[in-house]
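Work through the exercises below with the structure open beside you. Each task is followed by a stepwise solution.

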Amino acid sequence: MRRPLLSLAAATAALLITVAPTLACGGLIGPNGAVNLLRTTTFAGYHDGVEHYVTSFEFAGGGGAFGSITPLPGIPTNVERGGDWTLQRLVRETDPVDEFARAATFDALAGAEAEVLLETTIDALDITILRGGGDEVGTWAKNRGFRLPPDAPEVLDFYADRSPIFMAAAFDADAAAERGQAVGDGTPVHLTIPTDNPWVPLRILGLGKTDGELVEADVYLLTDEKPAMLPNPGGFLESDGLLLDHSAEATASLLADLRSDAGMEWVPAEAWLTKVVIASEAGQLDFDLAIDASGAGRPSAVDAGYAPFTSNPAPRTPIALYLLLAAMVIIAVPVALQWTAAGGSSRTLPPAGA
Amino acid sequence: MSRSLLRRPIAAALLLVAAAATGCGASAREVTITIHYSAFDQAAISVPRGVPITFVLVNEDPIDHEWLIGDDEFHAAHRSGTHASHGDVPTEVTIPALETVETTITFDEAGELAYICHLPSHEAYGMVGILTIES
């Protein structure tokens, strides 16, 4: 893993994947017609150096195949079906009126392929964990008949430069229908990702959207300490489309309910619950949500996408060197002036008192 | 060597550099267009009329693109077209991901044509350029 990231929630960018043969001419996207963009809810819990990322992929009707690509902060050690009520319970905790949020479905998916690290099937979802750069991930998708939207090359590189781990989730709507899944039924997926710090990839949520289209998502964080975030949702003079909707110690009832769900036994006895609402135009959502869950209050500008990741950064010039240079200037300038005033000769100064 | 004598080769070199930078010149026979992050690196190109022009289309992206050149009527037809790929017609080219494709066209009439990628959402994303055919 390249950067000290806490694993966090990789918000889900679902891509409508058009099955081959994809029509190349004239605005035809795929068998599902226009892209359905639904609200996304993800959960990222971080405890004992492990991120637990839960998201849900929802059957939105129609046929054919579509799916999503989610950047991850590290390689998952486990990918399993998520619990049955974790996301719903979180929504009820912070916003009992809203309906259960859904997975996003975006427009979507098309040298060397990305390396396949893990493959599994959960209900009608085919999950693949990939390692590779933007080109490799794009090639992997293309070779499977998926088409990526035009902004994908830049967005994939944006993530791959920092963490070349991606989760591709292909959703077979026909298989879902055969399984009896109704429109609105979701398949939760739970990834366990050891990592140093969590971050939430937000920019991927705008994949396949025009600049003016609205991106909506809810991100829940459960951390041992109150997290510091960059950008700071709802902060003074912040206009990044992020709203801090909830920030408080998690209630005992919530933690108990979460802990009782499948795969959620890791939930600690005490934790801090944060909910960030994203409502931003896609063109403005060119950053991620960096999180410092350590309590140190220093979220990473690299994790937020504000600063480029460098795998081998040049060492910073030590401050002592600057001080030494300044001292040399202070000494050298008067001496040079004196030397110039003296006509440039090597005459020595007369002894004091002469 | 006098300054005026120096200026001439420098000016000539600058003209060559400028012509190379724009990908064409009055006598250009080959124009290279690179596609990176779903954008043509040249949004405006000028070529002479009646001369075979070889377009070298370099796709640096991991997704397919198209390079279709024609007038408004041509593009209107392709916006609603259903071709899975192009290649039989010199003015209609599909460039597979991470590949380079060449096509040679002779433009017999002066005027302006547009080159556009008509894959879904690509035109709206900005994959549009203008070719001026000089008389």
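## Exercise 1: A helix pair in chain A

In this predicted model, the axes of helix H2 (residues 134-143) of chain A and helix H3 (residues 152-160) of chain A come within 8 Å and cross at roughly 125 degrees. Classify the orientation of H2(A) and H3(A), give the hand of their crossing, and find the residues that make the contact.

Solution.

Step 1. Take the angle, roughly 125 degrees. Angles of 65 to 115 degrees count as roughly perpendicular, and those over 145 as roughly antiparallel. The crossing angle fits neither class, so H2(A) and H3(A) are oblique to each other.

Step 2. Assign the hand. H2(A) and H3(A) cross in a right-handed manner.

Step 3. List the contact. H2(A) contributes Gly134(A), Val137(A) and Gly138(A). H3(A) contributes Ala152(A), Pro153(A), Leu156(A), Asp157(A) and Ala160(A).

Step 4. Sort these residues by class. Five are nonpolar, two are polar and one is charged.

## Exercise 2: The surroundings of H2(A)

Determine how many residues of H2(A) are buried, and what the buried ones pack against.

Solution.

Step 1. Apply the burial cut-off: 20 or more other C-beta atoms within 10 Å. Nine of the ten residues of H2(A) are buried, and the helix is mostly covered.

Step 2. Name them. The buried residues of H2(A) are Gly134(A), Asp135(A), Glu136(A), Val137(A), Gly138(A), Thr139(A), Trp140(A), Ala141(A) and Lys142(A). Charged side chains are on this list too, among them Asp135(A), Glu136(A) and Lys142(A).

Step 3. Find their partners. The buried residues pack against H3, strand E7 (125-131) and strand E8 (165-172) of chain A.

Step 4. Set the helix against its chain. Chain A has 354 residues, of which 49% count as buried. Its secondary structure comprises six helices and 15 strands.

## Exercise 3: From the end of H2(A) into the loop

Which residue just after H2(A) takes a positive phi? Is Phe146(A) buried or exposed?

Solution.

Step 1. Leave the helix. Gly145(A), just after H2(A), has a positive phi of about 80 degrees.

Step 2. Locate Phe146(A). This residue is found in the loop between H2 and H3 of chain A.

Step 3. Count its neighbours. Phe146(A) has 27 other C-beta atoms within 10 Å, and is therefore buried.

Step 4. Look for a residue distant in sequence. Ala170(A) is 24 residues from Phe146(A) along the chain, yet their C-alpha atoms are 9.3 Å apart.

## Exercise 4: The hairpin of E6(A) and E7(A)

Describe the pairing of strand E6 (residues 115-122) of chain A with E7(A), and the residue with positive phi in their hairpin.

Solution.

Step 1. Read the pairing. E6(A) and E7(A) run antiparallel and are joined by seven bridges.

Step 2. Fix the register. Val116(A) lies opposite Leu130(A) in E7(A).

Step 3. Inspect the turn. Two residues lie between the strands, and Asp123(A) takes a positive phi near 55 degrees.

## Exercise 5: A second helix pair

The axes of helix H1 (residues 86-94) and helix H5 (residues 252-259) of chain A come within 9 Å. Work out how H1(A) is oriented relative to H5(A).

Solution.

Step 1. Take the crossing angle, roughly 170 degrees. H1(A) is therefore roughly antiparallel to H5(A).

Step 2. Name the contact. Thr86(A), Arg89(A) and Glu93(A) of H1(A) meet Leu254(A), Asp257(A) and Leu258(A) of H5(A).

Step 3. Sort by class. The contact has two nonpolar, one polar and three charged residues.

## Exercise 6: Two sheets in chain B

Give the strand order of the three-stranded open sheet and of the five-stranded one.

Solution.

Step 1. Start with three strands. The order is E1-E3-E6 (chain B), with mixed pairing. E1 and E6 of chain B are the edge strands. The twist averages 20 degrees from one strand to the next.

Step 2. Resolve the mixture. Strand E1 (residues 30-35) and strand E3 (residues 52-59) of chain B are parallel over six bridges. Glu30(B) has Thr54(B) as its bridge partner in E3(B). E3(B) runs antiparallel to strand E6 (residues 100-106) of chain B, with seven bridges. There, Ile53(B) stands opposite Ile105(B), and Val56(B) opposite Glu102(B).

Step 3. Turn to five strands. The order is E2-E8-E7-E4-E5 (chain B), again mixed. Strand E2 (44-48) and strand E5 (92-95) of chain B form the edges.

Key: Residues are numbered from 1 along each chain as its sequence is written. Chains are lettered from A and ligands numbered from 1 in the order in which they are written. This is a predicted model: local features need pLDDT of at least 70, side-chain atom pairs count only at pLDDT 80 or more; totals for chains, interfaces and linings use all residues. Axes are lines fitted to C-alpha atoms, for helices over the stretch in contact, and angles run from 0 to 180 degrees between N-to-C directions. Helices (H or I, at least four residues) and strands (E, at least two) are DSSP runs, numbered from the N terminus. Angles under 35 degrees count as roughly parallel, over 145 as roughly antiparallel, 65 to 115 as roughly perpendicular and the rest as oblique. A crossing is left-handed if the near helix is turned anticlockwise from the far one by less than a right angle, and right-handed if clockwise. Two residues are in contact if their C-beta atoms, placed from the backbone, lie within 7 Å. Two strands pair if DSSP finds at least two bridges between them. A residue is buried if 20 or more other C-beta atoms lie within 10 Å of its own, exposed if 12 or fewer, and partly exposed in between; C-beta atoms are placed from the backbone.
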